[in-house]
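Welcome, and please open your viewer. We will go from one selection to the next, with a short look around at each stop.

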Amino acid sequence: MNISLRLAQQPEADELLSRSPLAALTGMLLDQQVPMEWAFAGPYTIAQRMGEDDLDAHAIAARDPEEFAALLSQRPAVHRYPGSMAKRVQQLCQYLVDHYDGDASAVWRDVPTGKEVLSRLNALPGYGKQKSQIFLALLGKQMGVTPEGWREAAGAYGEQDAYRSAADITGQESLERVRAFKQEAKRARKKT
C-alpha cells in the first residue's frame, strides 16, 4: 500500500513518516507539548542528524544516552524538552528491540483485532491510552491497518469524518480543523 502522510507538513519529513513505521511511532511519541508538525518532523531531524535516511531501533537503543540527548538538543531542538524526549525515544526503541526485534510494524502487523493492537500500543514506553487510541486511528484511517474492531478500540478518534487528532490530518485544511477542535475542547475544559 502506498501511504502518503502529511503530518509534519514538510515533504521530506512526511515522506519518511509515510515509509517508516518507526518514524511514525516516534513522531506520535514526540506529539506532546509542541505543535503537531514539530513533533512529526522530529523523526526526520533525528535521522538526518544521525547521518541516515531512516530510523533504526537497534542503533538508537544502543546509542550513548548523553550523546543521543545532545543530538536532539542541537538547535533547532527536536522537542521543547529534548533531554527527556531523547530518553523516551531510546526507551521506545529498546522496547521494540526487546519485544519485536526492532521492527516497529510488528506491533500491528497481522494482529487480528483493534483491541489487541491497542493493547500492544499501550505497552509501548511513552504511550498512554489516548496516544495509543490516536495512533490506532492513524493506522486505520491513513495507513491501511484495519483489524476487526479498530474504530471501536480507537474510541472517538476512530470516528469517520472526525477532526480530533493527528489521525485526521491529510493536509493544511484538515490540520486547521483539528486545531480548531482542540482549541474548542480546551475552552470547554476551562469553563468546567
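## First stop: Ala 153 and its surroundings

Select Ala 153, which is buried because its relative accessible area is 12%, under the 20% cut-off. Bear in mind as you look that this is a predicted model. Ala 153 sits in helix 9, and that helix covers residues 150–153.

Now show what surrounds Ala 153. Setting aside residues up to four places away in sequence, Ala 153 touches Gly 114, Lys 115, Leu 118, Gln 133 and Leu 136. Pick Gln 133 from that group and draw a C-alpha to C-alpha distance to Ala 153: the two are 7.0 Å apart in space, with their positions 20 residues apart in sequence.

## Second stop: Ser 132

Move on to Ser 132, in helix 8, which runs over residues 129–142. Is Ser 132 buried or exposed? Ser 132 is buried, since its relative accessible area is 0%.

Turn on the side chain of Ser 132 and look for the backbone oxygen of Gly 128, which the side chain reaches at 2.8 Å. Then display the contacts of Ser 132 beyond its neighbours within four places in sequence: Leu 118, Leu 121, Asn 122 and Tyr 127. You have already met Leu 118, as one of the residues that Ala 153 touches.

## Third stop: Gln 90

Next, select Gln 90 in helix 6, a helix that spans residues 82–100. Gln 90 counts as buried because its relative accessible area is 10%.

Which residues does Gln 90 touch, not counting those up to four places away in sequence? Colour Ile 60, Ala 61, Arg 63, Asp 64, Pro 65 and Phe 68 to see them.

## Fourth stop: backbone features in the loops

Time to switch from side chains to the backbone. Most residues other than glycine have a negative phi, and most peptide bonds are trans. The next three selections depart from that pattern.

- Zoom in on Arg 75 and Pro 76, which are joined by a cis peptide bond with omega at about -10 degrees. Pro 76 lies in the loop between helix 5 (65–73) and helix 6 (82–100).
- Go to Asp 110, in the loop between helix 6 and helix 7 (114–122). Phi of Asp 110 is positive, near 60 degrees, and Asp 110 counts as exposed because its relative accessibility is 73%.
- Then pick Asp 161, in the loop that links helix 9 (150–153) and helix 10 (172–191). Here too phi is positive, near 60 degrees; Asp 161 is exposed, with a relative accessible area of 66%.

## Fifth stop: two partly exposed residues

Select Glu 15, found in helix 1, residues 11–19. Glu 15 counts as partly exposed because its relative accessibility is 39%, a value between the cut-offs of 20% and 50%. What joins the side chains of Glu 15 and Arg 19? Show both, and you will find a polar contact of 2.7 Å.

For a distance across the model, draw a line between the C-alpha atoms of Glu 15 and Gly 114: 26 Å apart in space, with a sequence separation of 99 residues.

Lys 186 in helix 10 comes next. At 46% relative accessibility, Lys 186 is also classed as partly exposed. The C-alpha atoms of Lys 186 and Leu 136 are 23 Å apart, and the two residues are separated by 50 residues along the chain.

## Last stop: the whole chain

Now zoom out and switch to a cartoon view. The protein chain has 10 helices and 0 strands.

How does the overall size fit the chain length? The radius of gyration of the protein chain is 16 Å, which agrees with a compact globule of 192 residues, because such a globule would have a value near 16 Å. The C-alpha trace spans about 40 × 35 × 35 Å along its principal axes.

Try colouring by burial: 48% of the 192 residues count as buried. Among contacts between residues at least 6 apart in sequence, 57% join residues at least 24 apart.

Finish with a surface view. About 9600 Å² is exposed, and carbon and sulfur atoms supply 46% of that area. Colour by charge to pick out 24 positive and 25 negative side chains; the centres of these two sets lie 10 Å apart.

Note on methods: Residues numbered from 1 in each chain as written. Predicted model: local features only at pLDDT ≥ 70, side-chain atom pairs only at ≥ 80, totals over all residues. Heavy atoms only, no water. Helix = DSSP H or I, 4+ residues; strand = E, 2+ residues; numbered from the N terminus. Buried < 20%, exposed > 50% of the residue type's maximum accessible area, 1.4 Å probe, protein only. Polar contact = N/O pair within 3.5 Å; in protein donor to acceptor, adjacent residues only side chain to side chain. Rg over C-alpha atoms; globule rule 2.2 N^0.38 Å. Contact = heavy atoms within 4.5 Å. Areas by Shrake-Rupley, 256 points an atom, 1.4 Å probe, with all protein chains shown as cover. Lys, Arg positive; Asp, Glu negative; His and termini not counted. Charge placed at Lys NZ, Arg CZ, Asp CG, Glu CD.
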